[in-house]
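Student: I would like a close look at one part of this model, the contact between domains. Please take it as one connected account, and include the loops and buried positions that help to place it.

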Amino acid sequence: MQDRRNALDPFGKDRLTVLGETPLVAETPEALLDDETTPIARFFIRNNGLLPRRVDNPDAWRVIIDGEVEHPLDLTVADLKSRFPVKTFRMVLECGGNGRSFFEPKAEGNPWTNGGAGCAEWTGVSLRDVLQAAGLKSTALFTGHFGADPDKTGSMEQQAMSRGMPMAKALEEHTLLVWAMNGEPLPFIHGGPLRLIVPGWPGSLSQKWLTRIWIRDREHDGPGMTGLSYRIPVHPIPPGSDAKNVELRILESMPVRSIVTAPAHETRYESGTRSITVRGAAWAGDDAVARVDCSIDGGATWVLAQMTPPRNRYDWVRWSATLALPGDGAYEIIARATDSQGRVQPLQATNWNPNGYGCNVVHRVAVRVDPAS
Ligand SMILES: Nc1nc2c(c(=O)[nH]1)N[C@H]1C(S)=C(S)[C@@H](COP(=O)(O)O)O[C@H]1N2
Ligand SMILES: [Mo]
């Protein structure tokens with residue numbers, strides 16, 4: 001255990017669970033996501049390559065906007081700060097593979113539980129304001145994102161990850177070029193000095209250590225855009241099958257998810273406890289959360305949770321519910337969110353796919369009343 005902790009030491013994140021050391025990947029146990037705004041110390045880490053070199057002067061970091069634009073731009077972070085309206089939104093960042101470990105059979109990739117997500121205050125400028133300054137040509141269809149991190153082998157010849165999005169997503173006000181997180185300079189491990197935040201869609205679009213946005217006249221084809229990467233079958237396939245000759249689509253908006261952040265899994269209550277308060281968070285990709293329901297009897301009966309309104313689009317909602325317990329014993333709390341289009345989290349993992357994206361099965365938390373029994 002000791003050496004696993006060490007991988008996180010330089011980043012002050014010792015309570016996270018390490019899923020991989022090279023590249024460094026760590027998730028947040030659900031019970032540590034109990035804050036309204038996820039503290040930096042508890043925010044998950046996902047790298048696909050090695051870390052880039054640290055820089056001394058974040059304001060001098062440069063980003064290039066080129067491709068299908070009238071006026072290619074080469075801007076420093078200082079330029080971004082002074083030339084465009086500065087915005088702060090609290091928004092969820094979630095890995096496309098969040099929930100993967102609940103697929104049966106196991107899918108390829110990091111075995112995230114529900115902790116490949118967090119909700120932070122991101123400060124920066126709307127990418128759309130910068131794109132407007134560059135002047136989009138009528139041929140501008142897609143973005144391609146580039147970062148300063150070497151790939152797994154240490155080479156810069158190919159990007160560790162280079163994804164892109166259709167213009168409509170790039171032009172949303174909440175798609176930001178970000179230099180601050182929770183009011184602090186964007187930490188190096190989260191892509192500082194400059195990163196993209198593309199809320200609601202797989203975290204892989206939110207390029208860290210951002211050096212270039214290439215505006216393209218076609219779908220981007222960097223690492224992470226081709227083959228099975230971030231693609232899911234259009235129609236459900238049998239779990240464990242290879243998805244060959246199956247129609248696939250790129251995973252865009254993430255599916256609705258709720259997590260129980262209190263009590264923690266395996267909490268024990270005193271004998272005679274007949275009511276507990278349960279808290280959590282829920283979010284729904286591009287959509288809003290319409291409701292969250294809790295159950296302690298496997299979904300036979302449900303209790304509607306109270307929700308606090310989100311601050312802005314793409315913020316998570318915090319929810320709580322008071323649950324009556326019929327007697328001492330063992331219970332499993334489940335929380336199920338419904339999005340604004342009426343889509344509900346499944347009780348069992350559905351839509352299995354080889355790379356394990358978008359698993360949003362309900363979160364289960366076991367508790368016991370009367371530990372002596
Ligand atoms: N440059 C770069 N950006 C990247 C990645 C990466 O490997 N390199 N990983 C992506 C993935 S898959 C995710 S889920 C998020 C994670 O962001 P975080 O480490 O700040 O939590 O960053 C994205 N941006
Ligand atoms: Mo990710």
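Tutor: Helices and strands here are DSSP runs numbered from the N terminus, a helix having at least four residues and a strand at least two. The model is predicted.

The domain assignment gives domain 1 as residues 4-250 and domain 2 as residues 257-369. Their C-alpha centres lie 27 Å apart. On the domain 1 side 50 residues are in contact with domain 2, which contributes 30 residues in return. Together the two domains bury about 3300 Å², and carbon and sulfur atoms account for 56% of that area. Within domain 1, the residues that lose the most area to domain 2 are Asp34, Arg90 and Phe103, which together make up 21% of what that side buries.

Polar pairing across this boundary comes next. There are 25 residue pairs in polar contact between domain 1 and domain 2. Strand 6 (86-94), strand 7 (117-126) and strand 13 (231-233) each supply at least two residues of the domain 1 face that touches domain 2. Strand 6 gives that face its largest share, 5 residues. Sorted by class, the face has 22 nonpolar, 13 polar and 15 charged residues.

Side chains of opposite charge can pair when their charged atoms come close. The interface of domain 1 and domain 2 has 6 salt bridges, and the count for the model comes to 24. In one salt bridge, the side chains of Arg257 and Glu94 meet at 2.7 Å, N to O. In another, Arg279 pairs with Asp34, the closest N and O atoms being 2.6 Å apart. Arg279 sits in strand 17 (275-283) and Asp34 in the loop between strand 2 (25-27) and strand 3 (45-46), so this salt bridge ties together parts that are 245 residues apart in sequence. Both partners count as partly exposed: Arg279 has a relative accessible area of 38%, and Asp34 has 24%. The pair also belongs to a network of salt bridges that links Asp34, Arg279 and Arg318.

Another salt bridge can be set beside these. Arg343 pairs with Asp287, with the closest N and O atoms 2.8 Å apart. Arg343 is in the loop between strand 22 (329-339) and strand 23, while Asp287 is in the loop between strand 17 and strand 18 (289-295), 56 residues away. Arg343 is partly exposed at 43% relative accessibility, as is Asp287 at 21%.

Now the loops and backbone. Strand 6 and strand 7, both suppliers of the domain 1 face, have between them a loop that holds Pro105. The peptide bond joining Glu104 and Pro105 is cis, with omega about -5°. Helix 3 (127-134) has Leu127, Asp129, Val130, Leu131 and Ala134 buried. Just after helix 3, Gly135 takes a positive phi of about 75°.

A second cis peptide bond runs from Gly192 to Pro193, with omega near 10°. Pro193 lies in the loop between strand 10 (184-185) and strand 11 (195-197). The loop between strand 11 and strand 12 (210-216) holds Gln207 and Trp209. Gln207 counts as buried because its relative accessibility is 5% and the limit for buried is under 20%. Apart from residues up to four places away in sequence, Gln207 touches several others, including His145, Phe146, Met161, Arg163 and Leu194. Trp209 is not a glycine but has a positive phi of about 45°, and at 1% relative accessibility it is buried.

Domain 2 also has a positive phi at a residue that is not a glycine: Glu266, at about 70°. Glu266 lies in the loop between strand 15 (257-262) and strand 16 (267-269). At 58% relative accessibility, Glu266 counts as exposed. In strand 23 (363-369) is Val365, which is buried at 1% relative accessibility. The contacts of Val365, leaving out residues up to four places away in sequence, include Val260, Pro263, Ala264, His265 and Tyr331. By contrast, the C-alpha atoms of Val365 and Pro58, 307 residues apart along the chain, are separated by 42 Å.

Methods: Residues are numbered from 1 along each chain as its sequence is written. Chains are lettered from A and ligands numbered from 1 in the order in which they are written. This is a predicted model: local features need pLDDT of at least 70, side-chain atom pairs count only at pLDDT 80 or more; totals for chains, interfaces and linings use all residues. Side-chain values use heavy atoms; hydrogens and water are left out. Domain bounds come from an automatic or database domain assignment. Contact means heavy atoms within 4.5 Å. Buried area is the accessible area (1.4 Å probe) that two parts lose on being put together, summed over both. A salt bridge is a side-chain nitrogen of Lys or Arg within 4 Å of a carboxyl oxygen of Asp or Glu. A polar contact is a pair of N or O atoms within 3.5 Å; within protein, one must be able to donate a hydrogen and the other to accept it, and residues adjacent in sequence count only if both atoms are side-chain atoms. Ala, Val, Leu, Ile, Met, Phe, Trp, Tyr, Cys and Pro count as nonpolar, Asp, Glu, Lys and Arg as charged, and the others, Gly among them, as polar. Buried means under 20% relative accessible area, exposed over 50%, partly exposed in between (1.4 Å probe, protein chains only).
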